[in-house]
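Subject: Structure for you to look at

Dear colleague,

Here is the structure I promised to pass on, with the sequence alongside. Please open it first, and then read the notes underneath with it on screen.

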Amino acid sequence: MTTTPTRTTPDQLSIPPDGRPYHDQPQWRNDFPIDWPQDELVARRDFTKFLVLTSFAFVVGQLWIVIENFARKRKGKPPVRRVARADAIAVGSSLVFNYPEAHDICVVVRTGAQQYFAYNQKCTHLSCAVVPDVANGRFHCPCHNGSFELATGVPIAGPPRRALERILLEIRGDDLYAVGTEVRA
Amino acid sequence: MKRAVSRQQKMTIVFGILSIVVIIAVLQLWLLTATMNAFLAGQERVIIPAAVASLICFAFNAGLLSYIYRLERRQ
């Protein structure tokens with residue numbers, strides 16, 4: 001009859017992990033017994049330590065957002081920049097331009113004689129470039145089938161949850177100017 | 001004088017602390033994603049309170065970890 005080793009006191013050494021009695025265990029296990037309860041304790045403690053480090057990483061992430069926000073505020077208002085001649089964009093067509101920085105790609109769409117809408121081309125889901133679909137009154141993101149309303153930039157379909165960054169426009173004389181940006185929820 | 005703690009009791013305490021730390025870490029993850037979303041949407045009001053809350057959570061977690069080490073030193 002085999003007996004399963006049991007712990008008689010809370011701090012007893014080493015119950016073999018397969019639960020078999022000691023005389024059925026290989027010789028090396030009897031020569032070098034492992035203190036399994038202590039091993040478990042150390043494993044849990046180290047996992048807790050790892051989680052506390054993860055917690056610290058989250059704090060670093062939060063501080064990074066604070067710094068980015070501070071930098072964004074310090075930048076101030078974006079410059080006023082000429083986009084194109086107002087009549088250079090035909091009704092129902094669009095034009096790509098850079099604003100406020102050279103790496104910020106934006107698109108302006110003309111929907112009527114005096115109606116222009118401009119947005120940053122980055123989709124608010126995963127930053128793919130949105131494509132104007134004037135016939136359907138929307139911007140379409142081909143990556144994950146997201147859609148934004150052309151007139152407002154708010155998401156109407158697909159995974160995006162935030163509106164496109166709007167570029168504020170002004171017509172001065174014959175020219176179209178970008179005068180600012182508007183980030184929205 | 002502090003009472004001696006058996007290894008089984010220590011194990012129970014460590015499990016309890018581990019559970020609390022897991023819950024707080026998940027809370028911090030949620031806080032980070034919510035703050036990032038607010039930052040990208042231009043809502044600045046929540047950023048600093050969220051950072052402070054996350055820092056408090058971390059301090060609490062670190063306190064619990066230090067308690068585990070103090071507990072291990074106790075015979």
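What follows is a short account of what I found, starting with how far to trust the coordinates.

This is a predicted model, and chain A has an average pLDDT of 88, with 91% of the residues scoring at least 70. The exception to keep in mind is the stretch of residues 1–11 of chain A, where the pLDDT is below 50, although this stretch has 14 contacts in the model beyond near neighbours in sequence. Where pLDDT is low, the predicted coordinates should not be read in detail.

Turning to how the chains meet, the contact draws 28 residues from chain A and 36 residues from chain B. On the side of chain A that touches chain B, 14 of the residues are nonpolar, six are polar and eight are charged.

Helix α2 of chain A, which covers residues 36–75, packs against helix α2 of chain B, residues 47–73, at an angle of about 160°, and the two axes are 9 Å apart. The helices α2(A) and α2(B) are therefore roughly antiparallel, and their crossing is left-handed. Sorted by class, the contact of α2(A) with α2(B) contains 17 nonpolar, six polar and two charged residues.

The helix α2(A) also packs against helix α1 of chain B, residues 7–40, where the axes come within 9 Å and cross at roughly 20°. With that angle, α2(A) is roughly parallel to α1(B), and the crossing of these two helices is again left-handed. Here the contact of α2(A) with α1(B) is made up of 20 nonpolar, eight polar and six charged residues.

The other part of chain A that I looked at is a sheet. Six strands of chain A form an open sheet in the order β1-β10-β9-β4-β3-β2, with antiparallel pairing. The strands β1 (81–85) and β2 stand at the edges with a single partner strand each, so one side of each has no neighbour in the sheet. On average, and ignoring direction, neighbouring strands of this sheet are turned by 30° against each other.

At the β1 edge, four bridges join β1(A) to the antiparallel strand β10 of chain A, residues 175–182, and A:R85 has A:D175 in β10(A) as its bridge partner. At the β2 edge, strand β2 of chain A (residues 94–98) pairs with strand β3 of chain A (residues 105–112) in the antiparallel sense over five bridges, and A:L95 stands opposite A:V108 in β3(A). The strands β2(A) and β3(A) form a hairpin with six residues between them. Next along, β3(A) pairs with strand β4 of chain A (residues 115–120), again in the antiparallel sense, over six bridges, with A:F117 in β4(A) as the bridge partner of A:V109. A hairpin of two residues joins β3(A) to β4(A).

Two points of backbone geometry deserve a mention. Most residues other than glycine have a negative phi, and most peptide bonds are trans. In this model, however, a cis peptide bond with an omega of about -5° joins A:Y99 and A:P100, and A:P100 is found in the loop between β2 and β3 of chain A. In addition, A:S127 has a positive phi, near 70°, and lies in the loop between β4 and β5 (131–133) of chain A.

With best wishes

Terms used:
Residues are numbered from 1 along each chain as its sequence is written. Chains are lettered from A and ligands numbered from 1 in the order in which they are written. This is a predicted model: local features need pLDDT of at least 70, side-chain atom pairs count only at pLDDT 80 or more; totals for chains, interfaces and linings use all residues. Axes are lines fitted to C-alpha atoms, for helices over the stretch in contact, and angles run from 0 to 180 degrees between N-to-C directions. Angles under 35 degrees count as roughly parallel, over 145 as roughly antiparallel, 65 to 115 as roughly perpendicular and the rest as oblique. A crossing is left-handed if the near helix is turned anticlockwise from the far one by less than a right angle, and right-handed if clockwise. Ala, Val, Leu, Ile, Met, Phe, Trp, Tyr, Cys and Pro count as nonpolar, Asp, Glu, Lys and Arg as charged, and the others, Gly among them, as polar. pLDDT is the predictor's confidence in each residue, from 0 to 100. Two residues are in contact if their C-beta atoms, placed from the backbone, lie within 7 Å. Two strands pair if DSSP finds at least two bridges between them.
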